[in-house]
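Here's a quick walk through one protein model and the ligand that comes with it. Have the coordinates open and follow along.

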Amino acid sequence: MNQKLMKQEKLLNYINGEWVEPSTEKFTAVKNPANKETLVQVPLSNKEDVESATESAKKAQKNWALVPAPQRAEVLYRVGLIMKDRKEHLSQLLTMENGKVIEEARGEVQEGIDMAFYMAGEGRRLFGQTTPSELKDKFAMSVRAPVGVVGIITPWNFPIAIATWKSFPAIVAGNAVVWKPATETPIMAFELAKIFEEAGLPNGVVNVVFGSGSSVGEAMIEQDDIRVISFTGSNNVGRNIASKCGQKLKKVSLEMGGKNAVIVMDDADLSLAVEGILWSAFGTSGQRCTACSRVMVHESLKNQLEERLLNEMAKLSIGNGLDETIKVGPIINQGGLDKIKSYIQIGRNEGAKLLAGGYVMENGAFAKGHYFAPTLFTDVSPDMRIAKEEIFGPVVSLIPIKSLEEAIEINNSVEYGLSSSIFTRDVNKVFQAQRDLDTGIVYVNAGTTGAEIHLPFGGTKGTGNGHRDSGLAALDVFTEWKSVYVDFSGKLQRAQIDVE
Ligand code: NDP
């Protein structure tokens with residue numbers, strides 16, 4: 001481990017405000033995907049640790065819910081200030097554990113800072129509704145009540161941002177949290193837990209249990225006292241969680257994959273479209289749920305777009321993301337590389353034309369890490385698997401189209417519905433696209449990535465189950481609506497019956 005950045009050799013669970021060994025006493029190594037060096041050891045906890053974290057959360061939540069929301073918010077405000085102060089330190093650690101280039105890591109940490117200040121503001125809002133009663137001398141209102149103990153399960157590709165999208169609204173609303181971070185990227189969780197502690201969050205309000213999904217994650221779902229599971233990750237795992245939570249009538253919020261498309265119309269600013277495609281396809285090496293992996297290009301611009309993309313892709317510098325000149329970092333692990341590689345073969349077998357990339361980079365320094373060359377397929381038809389399935393790597397498929405209607409139909413034909421984008425100068429096409437694209441997020445004259453924290457984040461169809469992270473919508477996941485009627489008439493008034 002880089003001693004300047006982090007002193008610990010081994011991480012510990014954070015339960016009831018204490019740093020504790022996992023009851024299994026087992027750990028596993030966390031490796032830097034850029035060079036496979038071991039960064040730190042992470043606990044492999046089990047059910048017992050989840051039980052003690054849940055117990056601690058349950059106790060803490062009772063008092064936390066009674067702290068006035070503006071005071072709860074002040075803790076988040078302090079969290080934001082500490083994160084701001086430590087932004088560079090956190091960003092470098094993030095690049096080391098996840099691989100994303102430092103500029104993007106800074107952006108991700110900033111997202112967490114933004115979320116802290118945004119949700120701190122909610123401490124003085126958390127609005128409910130007041131409404132007239134149908135009866136005389138009776139008052140009616142709805143208020144947001146905390147759910148209690150909430151479980152959050154986060155992925156490796158945005159290890160700090162997604163954690164803040166989920167934990168900050170939960171905390172400000174008066175819940176206590178049991179959090180299981182991805183085993184691939186536990187350092188951000190450890191750092192954030194330290195920040196909660198320093199900011200003065202009472203013991204037990206946030207508990208972090210490290211360990212695998214099959215052990216810690218499943219144990220969280222089994223805990224009756226955890227009333228909500230908020231999950232971001234793959235579609236298969238999400239479906240599995242949803243069905244188990246369904247059996248227990250547990251509220252579950254899912255954010256899963258995407259097969260996001262950029263549409264380039266014949267009147268597009270092509271230079272802008274090229275920039276948008278490169279940024280959203282190859283940023284985080286394509287390992288974003290919102291990554292652009294399909295480009296529907298008007299047939300009149302297809303050759304030009306291919307040429308421009310190839311020119312720009314040849315200039316992308318690939319390597320260790322701590323180097324400020326690098327634009328594309330490594331893939332998270334060998335499993336990720338193997339999956340991407342298998343899709344290249346699938347694309348070839350299906351008859352797509354490979355214009356660039358398509359291989360694991362193994363020469364020289366690349367052999368030390370997990371690198372995949374930015375890849376461009378063309379002449380892809382919408383029914384090919386590479387045009388329908390999530391690859392989660394730096395692979396883009398060009399699909400020629402004749403009209404906006406055709407592009408929208410292709411966009412909507414996949415099982416996912418997270419993000420989409422259109423490049424056009426025609427205001428009519430803009431409004432038609434934003435209405436008809438069946439995705440939770442639509443961009444106009446920008447790539448498929450770039451969500452801001454004060455708007456809802458999530459998607460339709462196989463991307464989720466109707467809930468949203470971020471924005472005010474996040475509060476709906478972590479609160480229950482309570483309707484309160486106060487009758488000050490001094491007599492029994494029966495609704496619907498004693499109405500004059
Ligand atoms: P996984 O679904 O494998 O893992 C996500 C989290 O779930 C991890 O913490 C993992 O733990 C945990 N987990 C795994 N199995 C179980 C289980 N049986 N029960 C409970 N928890 C479990 O996804 P990845 O980490 O591989 O992330 C990549 C995927 O996530 C992509 O498909 C991507 O599209 C999607 N994603 C979606 C986003 C969205 O907002 N729509 C955002 C980011 C990613 P562990 O790994 O420690 O075993």
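What follows starts with the ligand and its surroundings, then moves on to some individual residues.

## Where the ligand sits

First things first: this is a predicted model. The ligand sits in the largest pocket. Of the 900 Å² that the ligand exposes when taken alone, the protein buries 86%.

There are 30 residues around the ligand, and Thr154, Thr183, Ser234, Met256 and Glu390 come nearest. Sort the shell by class and you get 14 nonpolar, 12 polar and four charged residues. Several elements pitch in: helix H7 (213-222), strand S10 (226-232) and helix H8 (235-247) each supply at least two residues of that shell.

## Polar contacts with the ligand

Which side chains put an N or O atom close to an oxygen atom of the ligand, and at what distance? Lys180 does it at 2.9 Å, and Glu390 does it at 2.5 Å. Glu390 has already come up, as one of the residues that come nearest to the ligand.

Met256, another name from that list, makes its contact through the backbone. One of its backbone N or O atoms lies 2.2 Å from a nitrogen atom of the ligand.

## Two positive phi angles

Most residues other than glycine have a negative phi. Two residues here are worth a click on that account. Leu126 isn't a glycine, yet its phi is positive, at about 40 degrees. You'll find Leu126 in the loop between helix H4 (102-122) and strand S5 (129-132).

The other is Asp379, also a residue other than glycine, with a positive phi near 55 degrees. Asp379 belongs to the loop between strand S17 (375-378) and strand S18 (395-401).

Are these two buried or partly exposed? Leu126 counts as buried because its relative accessibility is 17%, under the 20% cut-off. Asp379 has a relative accessible area of 34%, so it counts as partly exposed.

## Buried spots in a helix and a strand

Gln61 is part of helix H1 (residues 47-66). Its relative accessible area is 13%, so Gln61 is buried. What does its side chain contact? A polar atom of the Gln61 side chain lies 2.8 Å from the backbone oxygen of Gly174.

Now hop over to Ile399, which lies in strand S18. With a relative accessible area of 1%, Ile399 is buried. Measure over to Val30 on your screen and you'll get 39 Å from C-alpha to C-alpha, for a pair that is 369 residues apart in sequence.

## Residues with some exposure

Asn303 lies in helix H10 (residues 302-314). Its relative accessible area of 56% is over the 50% cut-off, so Asn303 counts as exposed. How far is Asn303 from Thr378, C-alpha to C-alpha? The answer is 10.0 Å, with their positions 75 residues apart along the chain.

Asp137 is a loop residue, between S5 and strand S6 (138-146). At 40% relative accessibility, Asp137 counts as partly exposed. From its C-alpha to that of Gly233 is 50 Å in space, and the two are 96 residues apart in sequence.

Last stop is Asn16, in the loop between strand S1 (13-15) and strand S2 (18-20). Asn16 has a relative accessible area of 36%, so it is partly exposed. Asn16 and Thr38 are 22 residues apart in sequence, while their C-alpha atoms are 29 Å apart in space.

Methods
Residues are numbered from 1 along each chain as its sequence is written. This is a predicted model: local features need pLDDT of at least 70, side-chain atom pairs count only at pLDDT 80 or more; totals for chains, interfaces and linings use all residues. Side-chain values use heavy atoms; hydrogens and water are left out. A residue is near a molecule or strand if one of its heavy atoms lies within 4 Å of it. A polar contact is a pair of N or O atoms within 3.5 Å; within protein, one must be able to donate a hydrogen and the other to accept it, and residues adjacent in sequence count only if both atoms are side-chain atoms. Accessible areas come from the Shrake-Rupley method with a 1.4 Å probe; for residues, only the protein chains shown count as cover. On a 1 Å grid over the protein atoms alone, a cavity is a set of points where a 1.4 Å probe fits but cannot get out, and a pocket is an open set with protein on both sides within 12 Å along at least five of seven lines; lining residues have an atom within 4 Å of a point. A molecule sits in a cavity or pocket if more than half of its atoms lie within 2 Å of its grid points. Helices (H or I, at least four residues) and strands (E, at least two) are DSSP runs, numbered from the N terminus. Ala, Val, Leu, Ile, Met, Phe, Trp, Tyr, Cys and Pro count as nonpolar, Asp, Glu, Lys and Arg as charged, and the others, Gly among them, as polar. Buried means under 20% relative accessible area, exposed over 50%, partly exposed in between (1.4 Å probe, protein chains only).
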